[in-house]
Amino acid sequence: MEFMEKVNTFAKAAADKTNEVIGDTRLRAQILNDEKSIKELYNRIGAYYYKKFAAGEAVDAEVLEYCTAVSVHLANIEEKKSALNAGRGSSGNFFQKDPFEQE
């Protein structure tokens with residue numbers, strides 16, 4: 001009888017620990033989803049300010065530095081795309097999408 005009590009105690013402890021791990025995993029998944037949403041919102045905020053910058057509108061000095069850096073990177077990307085597409089003709093251009101276009 002004592003053996004069965006030990007088995008029951010062990011099984012209860014294992015079930016409790018399993019439920020705890022499941023709860024923790026669920027919370028971690030929710031945290032990751034919230035962090036992903038925040039990153040997406042940050043990207044949208046950045047795209048908004050970059051579009052203002054690209055349209056010639058005034059932006060804060062702090063934002064101006066980042067927008068200028070984005071413009072440099074975009075120019076570098078276009079230059080590299082041109083190098084990749086050299087000799088392929090127009091059918092080889094796989095990069096037609098605007099990176100700031102909202103889906």
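This report describes the helices, surface, salt bridges and aromatic pairs of a predicted model.

## Overall architecture

The secondary structure of the chain amounts to 2 helices and 0 strands. Helix α1 covers residues 2-54, and its 53 residues reach 77 Å from the first C-alpha to the last, which is close to the 78 Å expected at 1.5 Å a residue. After α1 comes G56, a residue whose phi is positive, near 85°. Helix α2 comprises residues 61-85.

## Burial and surface

Of the 103 residues in the chain, 8% are buried. The area exposed by the chain is about 9000 Å², and carbon and sulfur atoms supply 59% of that area.

A nonpolar patch on the surface is formed by I38, Y42, I45, Y48 and Y49, which together have about 530 Å² of accessible area. Within this patch, Y42 belongs to helix α1 and counts as exposed because its relative accessible area is 58%, where the cut-off for exposed is over 50%. Two other members of the patch, Y48 and Y49, are partly exposed, Y48 at 47% relative accessibility and Y49 with a relative accessible area of 33%.

## Salt bridges

The count of salt bridges in the model comes to 5, and three of these can be described in terms of their place in the helices and their exposure. In helix α1, the side chains of D16 and K12 meet with a distance of 3.1 Å from N to O. These two residues are 4 residues apart in α1, so about one helical turn separates them. Their exposure falls into separate classes: D16 is partly exposed, with a relative accessible area of 40%, whereas K12 counts as exposed at 54% relative accessibility.

Also in helix α1, R44 forms a salt bridge with E40, and the closest N and O atoms of this pair are 3.0 Å apart. R44 and E40 lie 4 residues apart, about one turn of the helix. R44 counts as partly exposed at 41% relative accessibility, and E40 likewise counts as partly exposed, at 40%.

In helix α2, the salt bridge between the side chains of E78 and K81 has an N to O distance of 3.5 Å. E78 and K81 are 3 residues apart in α2, a separation of about one helical turn. Here a partly exposed residue meets a buried one: E78 has a relative accessible area of 44%, while K81 counts as buried because its relative accessibility is 14%, and buried means under 20%.

## Aromatic pairs

The aromatic pairs in the model number 2. In one of them, the rings of Y48 and Y49 have their centres 5.2 Å apart and their planes at 85°, so the pair is edge-to-face, an arrangement assigned to planes over 60 degrees apart. Both of these tyrosines are also members of the nonpolar surface patch described above.

In the other pair, the ring centres of Y50 and F53 are 5.7 Å apart and the ring planes stand at 45°, so this pair is tilted. Y50 and F53 both lie in helix α1, where they are 3 residues apart, about one turn of the helix. Y50 counts as buried at 12% relative accessibility, whereas F53 is partly exposed, with a relative accessible area of 23%.

Note on methods
Residues are numbered from 1 along each chain as its sequence is written. This is a predicted model: local features need pLDDT of at least 70, side-chain atom pairs count only at pLDDT 80 or more; totals for chains, interfaces and linings use all residues. Side-chain values use heavy atoms; hydrogens and water are left out. The expected span of a helix is 1.5 Å times one less than its number of residues. Buried means under 20% relative accessible area, exposed over 50%, partly exposed in between (1.4 Å probe, protein chains only). Accessible areas come from the Shrake-Rupley method with a 1.4 Å probe; for residues, only the protein chains shown count as cover. Patches are made of residues with over 30% relative accessible area and no salt bridge: like charges are joined within 9 Å, nonpolar side chains (Val, Leu, Ile, Met, Phe, Trp, Tyr) within 5 Å. A salt bridge is a side-chain nitrogen of Lys or Arg within 4 Å of a carboxyl oxygen of Asp or Glu. Rings of Phe, Tyr and Trp (its six-membered ring) pair if their centres lie within 6.5 Å; planes under 30 degrees apart count as stacked, over 60 as edge-to-face and the rest as tilted.
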